[in-house]
Structure formats: structure tokens, C-alpha cells
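Please open the model in a viewer and keep the sequence panel at hand. The tour below proceeds by selection, with a short account of what is found at each stop.

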Amino acid sequence: MSEKQKTRKREREIETETFNCKQNTDIMKMADTDKTETESSLEQNLGEYSDYQTFNNKLLSGIIGIQQTLNSLIIKFETQNEEIHGIKNDIYAKDGIEDRLQAVATETEDQTTMIAEVRNQNTNLTTELNLMKSYVVHLETRLDCQQSQIANLVERSMRENAIVIGVHERRSLFFGKSGSKYVEKVSTPKALAIFDTSKSKFGLFEQTSSNEVNDNGHTYCVTAAVTTTYAEVREAARQIMQGSVSACTYNTLVYRFTDKDGHKHDGYDDDRDYGIGSRILDYLKDIDAPNITIISSRTPPSGTAKIGSRKNNIILEGVKSVLRKM
């Protein structure tokens, strides 16, 4: 082979090697480019997958939350359903609310009827009480009239009798500084005064009572109040007689007070329980008890149970008791 041919061959080999090298370089570049593109695509895909996975996680979390909420609502619904069922049982079951309401309505009607009956009875009782008051006042008026007639007859029967001078008559009889003559007598309140419920200008008197004593069928009680004038004596006695003692058979009135001029006033009304008033007043004088009005009440038994001298002692003990309390 000639040198020229060798040279030509060498040039072709060099060209071939250069071409191969260039091809390899291009392939490597292409490979690198593909690798870069592949890596970029992979990274993009991984990013998209990560975002998709995050979205899925959020979606799953939301679904779980919704499921929990639904479970809670179901539990509440079941609880309310049970409560509604219980209410229905209370309403419609035996002895339920409906039956109870019916029972209440029936009871209300019964009470309304009862109230109407009580009102009618109260009206009837009020009418009867007013009639009894009128009858008692009528009887008391007749009794006073009969007592006046008896006193007149006794006076007539004593016209030819001797007159005893110097016997003390229990009245508040004196002459004041002005020279006026006072004659005052306070009696046990009558039925008409006791039944009077109008308000007094003195107000209510504070009352002090002894313990009730029962002896051989007799019942005793002493009640007292502080008084300083005849008007107060009358009103205090009236207020005391408006209490439970008004039902007693005998109510002896005794009073003693000192007026603004220093004069002492006293008196009593036995109310047919003779001898009691004078004994109580004598005791009040002995101890110099001031400014007091006393009602000594006694109710004997329906039979003939006598008590004798114990009566005076029991009443005086009652007087002492109220004086210690005042």
C-alpha cells in the first residue's frame, strides 16, 4: 500500500473516530438531557404526588370528622328519642301526666265546689251570728230592765225600814280643784259594747293573763291591763272581754288608778259573782297597786259542784300572778 493510500486511510479512521466521538458526545449530552428531564419530571411527579397525598389526607381527615359528627348526632338523636318516648309514656301511660292533669282538674273542681259550700256556710253562720248578737243584746236589755224593776220593788219594800248613815258606797266621788263634782261608775262591758269591732282611739292595750286554773269543775283566769283614766278602763275592759273570757259565766271588773291631779280612783263590778270585786280591790289597796284594770273570769260547772272559800284564794293567786308579770 502506498503512502498516499495509508494517509487516506488514516484520515478516514480519524474522521470515523471523530464522528464516533462526536456521536458519543451527542449521545451523552442527550442522555444527560434525558436524565435531567427525567429527574425534573420525577420531581414534578413526586411534588404532585405529595400534594395529592396531602389533599387525600385532608380529605380523609375531613371524612373522619364528618363521621364523628354524624355519630355524635346519632347518639343525641337516640337520647332525644328515648326522652320523647319517656315523655310519651308519662303522658299516655297509666298514672301519667294526662291522668295526673285530669286528677288535678277533678280536685280543682272539688275544691271549687267545697269553697262555694264554705262561702255559703260562712254566709249562713254570719247571718246566724248577727241574729245571736241581736238576741243577746235584746236579752241583756230585758235583764237590765228587770234588774231596775227589782231594785225599784226592793226600794219600795224598804220604805218603812231604818236608814243607816255612814256606810261607804263604792263610787269615785270627790271634788277636784275646779270644784266640780265627779261621780263615775264603770261596769263590766255589755254585749253591745263587746260586739263593737270599731277601732279605738287608744289602740290595743297590752294584756297580761294568769294561767288557767281548773278546780272541782270550776275554771279561773285573771287578765289585766295598765290604765290611767275611766275611758281607758272602759276600753281595756272591752278589749279583754272580746277575747276568750267573754265565754265565761262571771267576769268581775276591778280598777284602780291615780289621775293627773293625784286623786285615786277605784271601783269594781262583781258581775253577779258577789264578794270577788271587793276582795280584789282591798288587796290592790293593801299593796298600793297603781293604774290597773283587772277582769277576773270564772266558769262554774253545769252541775252543783261547790268550791267554798278556795274560790277567793285561787282568784287572789291569779291577781298576784298577773301583777308579777306586769
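Begin with the lining of the largest pocket, whose residues divide into 9 nonpolar, 5 polar and 7 charged. The model is a predicted one, and the pocket has a volume of about 580 Å³. To find its centre, select Glu140, Thr188, Lys190, Asp271 and Arg272, which are the closest to that point of the 21 residues in the lining. Two elements each give two or more residues to the lining of this pocket: helix H2 (97-157) and helix H3 (191-194). H2 supplies the largest share, 5 residues.

**The whole chain**

Now colour the protein chain by secondary structure. Its elements come to 6 helices and 8 strands. Read from the N terminus, their order is α-α-β-β-α-β-β-β-α-β-β-α-β-α. Colouring by accessibility instead shows 22% of the 326 residues as buried. If contacts are drawn between residues at least 6 apart in sequence, 68% of them join residues at least 24 apart.

**Arg272, at the pocket**

Return to Arg272, one of the residues closest to the centre of the largest pocket. Where in the chain does Arg272 lie? Arg272 is found in the loop that runs between strand S7 (264-269) and helix H5 (276-286). Its backbone deserves a check, as phi of Arg272 is near 75°, a positive value in a residue other than glycine. Arg272 is partly exposed, because its relative accessible area is 42%, and partly exposed covers the range between 20% and 50%.

**Helix H5 and its neighbours**

Follow the chain from that loop into H5. Select Ile276, Gly277, Ser278, Ile280, Leu281 and Leu284, which are buried residues of this helix. Against which elements do the buried residues of H5 pack? They pack against S6, S7, strand S8 (292-299) and helix H6 (310-325). After H5 comes Asp288, with a positive phi near 55°.

**The S6–S7 hairpin**

Next, select strand S6 (residues 250-258) together with S7. The two strands pair in the antiparallel sense, over 6 bridges. To inspect one partnership, pick Val254, whose bridge partner in S7 is Tyr268. S6 and S7 form a hairpin with 5 residues between them. Within the turn, Gly262 has a positive phi of about 90°.

**Aromatic pairs**

Display the aromatic side chains; the count of aromatic pairs comes to 3. One of the pairs joins Phe202 and Phe205 in a tilted arrangement, at 6.1 Å centre to centre and 45° between the planes. Is each of these two residues buried or partly exposed? Phe202 counts as partly exposed, at 32% relative accessibility, whereas Phe205 counts as buried, at 15%.

Move on to Tyr230 and Tyr255, whose rings form an edge-to-face pair. Their centres are 6.0 Å apart, and the angle between the planes is 75°. Tyr230 belongs to helix H4 (residues 230-241) and Tyr255 to strand S6, so this pair ties together parts that are 25 residues apart in sequence. Tyr230 counts as buried at 12% relative accessibility. Tyr255 is buried as well, with a relative accessible area of 2%. Add Phe257 to the selection: ring pairs link Tyr230, Tyr255 and Phe257 into a cluster.

**Gly243, beyond H4**

Select Gly243, in the loop between H4 and S6. At 31% relative accessibility, Gly243 counts as partly exposed. Then add Ile194 and draw a distance between the two C-alpha atoms. How far apart are Gly243 and Ile194 in sequence and in space? The two residues are 49 residues apart in sequence, and 9.4 Å apart in space, C-alpha to C-alpha.

**Asn216, the last stop**

Finish with Asn216. This residue lies in the loop between strand S4 (213-215) and strand S5 (218-225). Phi of Asn216 is near 55°, a positive value in a residue other than glycine. Asn216 is partly exposed, with a relative accessible area of 45%.

Technical notes: Residues are numbered from 1 along each chain as its sequence is written. This is a predicted model: local features need pLDDT of at least 70, side-chain atom pairs count only at pLDDT 80 or more; totals for chains, interfaces and linings use all residues. Side-chain values use heavy atoms; hydrogens and water are left out. Helices (H or I, at least four residues) and strands (E, at least two) are DSSP runs, numbered from the N terminus. Buried means under 20% relative accessible area, exposed over 50%, partly exposed in between (1.4 Å probe, protein chains only). On a 1 Å grid over the protein atoms alone, a cavity is a set of points where a 1.4 Å probe fits but cannot get out, and a pocket is an open set with protein on both sides within 12 Å along at least five of seven lines; lining residues have an atom within 4 Å of a point. Grid points are joined across faces, edges and corners, and a volume is the space filled by probe spheres set on the points. Ala, Val, Leu, Ile, Met, Phe, Trp, Tyr, Cys and Pro count as nonpolar, Asp, Glu, Lys and Arg as charged, and the others, Gly among them, as polar. Two strands pair if DSSP finds at least two bridges between them. Rings of Phe, Tyr and Trp (its six-membered ring) pair if their centres lie within 6.5 Å; planes under 30 degrees apart count as stacked, over 60 as edge-to-face and the rest as tilted. Contact means heavy atoms within 4.5 Å.
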